[in-house]
Every structure is written in C-alpha cells, then in structure tokens.
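Reader: Hi! I'd love a close look at one part of this model, the sheet and what packs around it. Could you walk me through that part and the charged pairs that go with it?

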Amino acid sequence: MAIQQIYRRADWRGRLTTYLSQNAMRPFRPGKNDCALFVAGAIEAMTGEDLARGWRGYRTLSEGRGKIADAGFADHVALIADLLPEVAPAFAQVGDVAVLPGDEAAALGVVQGENVFCLAPQGMVLVSRLEIQRAFRV
C-alpha cells in the first residue's frame, strides 16, 4: 500500500455528522467497531473510500495487531501513515485522523473542532485536540 489520493465528497460535513451521531452509542467490539474501524468508517462516510476493506473480522485486538504485523506494519498507526499524508497536529482539520495516547496502544480518532471523537472500550469519548500526538489528512 502507499499513500492514497482520496477526496472528500461535496457533502462530507453532513455525512460525517450523521456517521458520528449514528455511531455514538454503538459498543466497542474488536474487528467490528474499534477505534481503527470507527475512523475508517468516518473516512468512508466523507469520501466513499473503504480503507478498512480486508481488515475487518478479527475477534480480539491481539488478533487485529497480528493481522497488521503480518501485513508488514508495526501497528495501526503505521498502517494509517502508509495510507494518508501526515500533517502537524496543530494543522489537523475537521474530519482528519488523530493519533491519541491510549492505555495499551495509541488510539485513533476523528478531529471535530476543539475535540477528537474516539471510540474506546467504554464507548464514544471526546478528547481535547491538545492530546493529539500525530495527525493525518483525509
């Protein structure tokens, strides 16, 4: 894989808002609805591109990490870095992907103004954009 040129649809803001509201109460489930797949869903809502095609279906986060390692990536952040161009966290815009500190590993989220929407085991959480460690342009 390599960095892809993807474009946001003209109505991407509405699509992203709808996606976030529809997923606000969905439970965390590895391989179905975890932080990486949550972000991939947001990207698909905005662009129509499914960057998670072929990655879904693992049953545990460990199994998901193994799948990523088997593909030659150190972790899910390295995978997203291979797919999207990196920008300085200060320049992350609404809809961009944010890398946030996590308990066991970095988490991925979607920038929304002063906050980042992130899916954690306890459900959807809002994190201050000041916590962004890395960011990727969608």
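Author: Happy to; what follows goes through the sheet, the helices and then the salt bridges.

A word on the basis first: this is a predicted model, in which local features need pLDDT of at least 70 and side-chain atom pairs count only at pLDDT 80 or more, while totals for chains, interfaces and linings use all residues. Residues are numbered from 1 along each chain as its sequence is written, and side-chain values use heavy atoms, with hydrogens and water left out.

Let's start with the sheet. Helices (H or I, at least four residues) and strands (E, at least two) are DSSP runs, numbered from the N terminus, and two strands pair if DSSP finds at least two bridges between them. Here, 6 strands make an open sheet in the order 1-6-2-3-4-5, and the pairing is antiparallel. Strand 1 and strand 5 (123-128) sit at the edges with a single partner strand each, so one side of each has no neighbour in the sheet.

Further in, strand 2 and strand 6 run antiparallel and are joined by 3 bridges. One of the residues to look for is V99, whose bridge partner in strand 6 is R134.

Towards the other edge, strand 4 and strand 5 pair in the antiparallel sense over 6 bridges. A hairpin of 2 residues joins strand 4 to strand 5, and A120 has G123 of strand 5 as its bridge partner. Q122 lies in the loop between these two strands, strand 4 and strand 5. Is Q122 buried or exposed? Taking buried as under 20% relative accessible area, exposed as over 50% and partly exposed as in between (1.4 Å probe, protein chains only), Q122 is exposed, at 64%. Although Q122 and P27 are 95 residues apart in sequence, their C-alpha atoms are 7.7 Å apart in space.

Now for what lies over the strands. Helix 1 (residues 12-23) lies across strand 3 (107-112), strand 4 (115-120) and strand 5, and runs at about 130° to strand 3. Angles run from 0 to 180 degrees between N-to-C directions, and axes are lines fitted to C-alpha atoms, for helices over the stretch in contact. Contact means heavy atoms within 4.5 Å.

Helix 1 also packs with helix 2 (residues 35-47), at an angle of about 145° and with the axes 8 Å apart. On the helix 1 side the contact is made by W12, R15, L16, Y19, L20 and N23, and on the helix 2 side by L37, F38, G41, A42, A45 and M46. As for the spacing of such residues, an α-helix has 3.6 residues a turn, so residues three or four places apart point the same way.

Helix 4 (residues 76-83) is another element to find. Of its 8 residues 6 are buried, so helix 4 is largely enclosed by the rest of the structure. The buried residues are H76, V77, L79, I80, D82 and L83, and they pack against helix 2, helix 3 (61-70), strand 2, strand 3 and strand 6.

Between strand 1 and strand 2 there is a loop that holds V94. V94 is partly exposed, with a relative accessible area of 24%. Leaving out residues up to four places away in sequence, V94 touches R8, W12, R13, L16, V111, Q112 and G113. The C-alpha atoms of V94 and V110 are separated by 7.5 Å, with their positions 16 residues apart along the chain.

That brings us to the charged pairs. Side chains of opposite charge can pair when their charged atoms come close. With a salt bridge taken as a side-chain nitrogen of Lys or Arg within 4 Å of a carboxyl oxygen of Asp or Glu, the count comes to 6 salt bridges. One of them joins R137 and D96, at 2.2 Å from N to O. This pair links distant parts of the chain, 41 residues apart: R137 is in the segment after strand 6 (134-136), and D96 is in the loop between strand 1 (86-87) and strand 2 (97-100). D96 is buried, at 0% relative accessible area, whereas R137 is partly exposed, at 24%. R8 joins D96 and R137 in a network of salt bridges.

Back on helix 1, R15 forms a salt bridge with D11, and their closest N and O atoms are 2.9 Å apart. Both partners are partly exposed, R15 at 33% and D11 at 41%.
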